[in-house]
Amino acid sequence: MTSSRHTFSRSQKKNPPLLKPDPTRDIAFDVLCACLHQRRPLTLTESLSQAAVTYQAESRDRAAAHRLIATTLRYLGTLRTVLEPFLRKEPPEPVQIALMMGCTQLLYLETPPHAAVNTIVALLRRKRLAPFAHLANAVLRKIAREGLSLLENLDQPRLNIPQWLWHSWSKIGPHVPRAIATSLCHESPLDITLRPNTPFFKALQQSGGVLLPNGSLRFSAGTNVTELPGYAQGAFWVQDAAASLPAFLLAAQKGENITDLCAAPGGKTAQLALAGAHITAIENNPARMAQLQDTLQRLQLTVNLIEADATTWKPSLLQDALLLDAPCSATGIARRHPDVLWTKRPRDLTTLTATQDCLLTAAKNMLRPGGRLIYTVCSLQEEEGPARAKAAEAMGFVPSPFTREELAFLPEALTPEGWFRTHPGLWSEKGGMDGFFAARFIRRN
Ligand SMILES: C[S@@+](CC[C@H](N)C(=O)[O-])C[C@H]1O[C@@H](n2cnc3c(N)ncnc32)[C@H](O)[C@@H]1O
């Protein structure tokens with residue numbers, strides 16, 4: 001952050017910024033507009049990839065754009081509050097987005113004030129919003145002058161979370177929304193899951209990896225995973241510590257027939273395959289199936305891959321166990337994907353829970369009697385977690401609660417019902433974790 005007050009020199013005033021290309025801001029603006037203004041049904045990662053191709057961006061520009069986008073989304077509520085008193089009349093949303101990008105640069109990214117202002121003025125000109133260039137220049141200069149004092153007395157964690165999400169998270173516990181919101185202010189660390197007995201363990205620790213109680217290694221945010229020792233040799237894969245736990249709790253046994261019903265990008269499939277089980281992985285999205293293939297190839301794992309809709313697919317023989325990592329609102333992974341905070345709506349939950357129930361119904365007919373199912377979602381929402389576990393029970397699945405022994409390294413994630421529930425405020429002293437819900441069931445004989 002920058003706290004210095006800044007005055008603009010005469011030469012800066014005389015020379016208006018040229019319309020030279022600026023892929024970082026162009027990409028960030030397009031992605032933020034797609035997410036907040038056009039409300040395109042793309043994830044931040046998908047929009048970013050598309051925009052990077054459009055602007056033929058180098059990886060450095062793409063990384064800088066990602067940082068600008070993610071920080072803007074993380075502090076969106078604060079940025080709107082800071083800007084409000086400087087705007088007599090609300091400008092069109094794309095202009096507001098450009099102004100928020102300017103504020104992010106000034107207040108959170110340590111961009112020199114003249115660069116923070118000039119890049120946004122130039123951006124508006126390039127995006128055919130030149131009539132608002134004077135407004136942006138005036139507003140951002142005032143904000144540059146006032147600096148970090150603008151953030152004093154603001155309850156930033158509260159401002160950065162939409163009301164409906166704050167309210168829904170308070171049902172997990174009264175202090176949970178603030179704990180989550182505080183965690184969301186920070187970039188998340190990089191966690192990796194290791195291949196058992198990998199010879200690269202020591203080298204990875206020496207490269208900064210900190211061993212977590214569940215066995216994952218944690219690196220600081222921004223670590224380049226492809227440069228870590230053992231990446232090319234398939235010694236590990238990227239997976240948040242919490243994300244590794246549902247597959248761990250399925251306790252796959254050597255020789256078992258197990259199907260991973262919603263498999264891509266494949267972190268959980270890899271865990272199951274490494275346990276020595278015969279794994280079938282179902283995925284209905286061809287692009288994500290390609291990602292899954294790449295992951296398994298790098299890890300040199302053999303899995304029966306099937307591109308199919310898991311609500312209608314039928315196995316040729318009844319399975320010993322199933323992992324159902326269902327599509328969901330993804331509010332549990334907002335630390336890594338802060339777009340979900342602003343793109344998801346309460347009404348989305350109706351469609352998502354209907355799909356989750358279809359998948360659960362289909363799963364019932366794939367299991368042998370006595371076979372086990374883990375239902376999991378990376379969601380913090382009651383409707384997608386506890387309510388679906390109850391729906392599964394109503395369908396005839398028998399609960400098989402997780403035990404204290406199984407979760408000895410993370411007892412706070414065990415609920416009285418025997419479900420597993422994490423949120424980004426847990427392990428806060430270690431850098432937090434993603435939000436996951438998981439419940440285990442047995443098929444009645
Ligand atoms: C939460 S993600 C799974 C993450 C994955 N288990 C992992 O650990 O890497 C859900 C996946 O299910 C896929 N999916 C959604 N609906 C599906 C369906 N009806 N049949 C098969 N796959 C589906 C999505 O494309 C997405 O890749």
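This is a short talk on helix H7 and on how the two assigned domains of the chain meet.

The model is predicted, so please take what I say as computed from it.

I'll start with H7, residues 113–126. At 1.5 Å a residue, its 14 residues should span 20 Å. The C-alpha atoms at its ends are 20 Å apart, so the expected span and the model agree.

Next, its surroundings. Ten of those 14 residues are buried, which means H7 is largely enclosed by the rest of the structure. The buried set starts with Pro113, then Ala116, Val117, Asn118 and Thr119. It goes on with Ile120, Val121, Ala122, Leu123 and Leu124. What lies over these buried residues? The cover includes helix H2, at 23–37, helix H6, at 93–107, and helix H8, at 133–146.

After H7 comes Arg128, and its phi is positive, near 55°.

Now the domains. The assignment gives domain 1 as 10–157 and domain 2 as 240–443. Their C-alpha centres are 37 Å apart. How many residues are in contact between them? Nine residues of domain 1 are in contact with six of domain 2.

On the domain 1 side, the elements that give two or more residues are H2 and helix H4, at 59–74. H4 gives the most, with three residues. By class, that side of domain 1 has six nonpolar residues, one polar and two charged.

One element appears in both parts of this talk: H2 is among the helices covering the buried residues of H7, and H2 also gives residues to the side of domain 1 that touches domain 2.

Note on methods:
Residues numbered from 1 in each chain as written. Predicted model: local features only at pLDDT ≥ 70, side-chain atom pairs only at ≥ 80, totals over all residues. Helix = DSSP H or I, 4+ residues; strand = E, 2+ residues; numbered from the N terminus. Expected span 1.5 Å × (residues − 1). Buried ≥ 20, exposed ≤ 12 C-beta atoms within 10 Å, placed from the backbone. Contact = placed C-beta atoms within 7 Å. Domains from an automatic or database assignment. Nonpolar A, V, L, I, M, F, W, Y, C, P; charged D, E, K, R; others polar.
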